[in-house]
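Hello,

I am handing over the structure we spoke about, with the sequence. My notes come after it.

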Amino acid sequence: MAIDPKKTLDAYRAKRGEFRILEVPAMQYLMIDGAGDPNTAPAYADAVSALFPLAYTLKFESRKTLGVDTVVMPLEGLWYAPDMESFTSRRDKSAWLWTLMIMVPAHVTPEMFADAVEMVEQKASKKKQENPSLRSVRLETLDEGLCVQTLHVGSYDDEAPVLDDLHHRFIPDRGLRMTGLHHEVYLSDVRRVEPARLRTILRQPVERVS
């Protein structure tokens, strides 16, 4: 049976209606940067189409060469805008900057990653389905440390009130301030789950004010 880090890592646990403070360990990700409305920007779709083939290739190669089988983790995203009210009161998606990610195990080395890129690229070329974003994917470690997170159930467009409460009430009331980028973990497959039932972890790195 494949190892499923979602069942063992505290960072992938959250409850609806509860803000929780936790320490998130450093983890390794496939990452790719982009900008614009995720519903309409071609770069967003290209990024997703680049990440998942790489993640599955690494899964199968790890199982074949190392005897280690791990499930492919869910899509995640770091989100930023020059004015963070673009995520809450105004919800201006055209101003959003993002980094899409998939967590990969620590045993994945830079050499394994480079080989996986070559394999995916060769397979896509044979099918005449080249993805211009493939070579923009990188392997990088993210160390978020102290964070606050919760589980949002529902449409992504309904996140704004939760984020507003997190940013303007919970974080300052606990003597904290925001540091890193807003982080979302997409536990549901948007292609198969209706918007009202989507499950998304909302995470915000923080630091203590004093």
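What follows goes from the whole chain to one helix.

Please keep in mind that this is a predicted model. The protein chain holds three helices and nine strands. Read from the N terminus, the order is β-β-α-β-β-α-β-β-α-β-β-β.

On overall dimensions, the radius of gyration of the protein chain is 18 Å, which agrees with the value near 17 Å for a compact globule of 210 residues. Along the principal axes, the C-alpha atoms fill a box of roughly 55 × 35 × 30 Å. Buried residues make up 46% of the 210. If contacts are limited to residues at least 6 apart in sequence, 77% of them join residues at least 24 apart.

As for the surface, about 11,000 Å² of the protein chain is exposed, and 53% of that comes from carbon and sulfur atoms. The chain carries 27 positive and 31 negative charges, and the mean positions of the two sets lie 7 Å apart.

Now to helix H1, residues 42-66. Its 25 residues should span 36 Å at 1.5 Å a residue, and the end C-alpha atoms are indeed 36 Å apart, so expectation and model agree. The buried residues of H1 include Tyr44, Leu51, Leu54 and Leu58, and Lys59 is also among them. What do the buried residues of H1 pack against? Their partners are strands E2 (27-35), E3 (75-80) and E4 (97-104), together with helix H2 (110-126). Just after H1, glycine 67 has a positive phi of about 70°.

Regards

Conventions:
Residues numbered from 1 in each chain as written. Predicted model: local features only at pLDDT ≥ 70, side-chain atom pairs only at ≥ 80, totals over all residues. Heavy atoms only, no water. Helix = DSSP H or I, 4+ residues; strand = E, 2+ residues; numbered from the N terminus. Rg over C-alpha atoms; globule rule 2.2 N^0.38 Å. Buried < 20%, exposed > 50% of the residue type's maximum accessible area, 1.4 Å probe, protein only. Contact = heavy atoms within 4.5 Å. Areas by Shrake-Rupley, 256 points an atom, 1.4 Å probe, with all protein chains shown as cover. Lys, Arg positive; Asp, Glu negative; His and termini not counted. Charge placed at Lys NZ, Arg CZ, Asp CG, Glu CD. Expected span 1.5 Å × (residues − 1).
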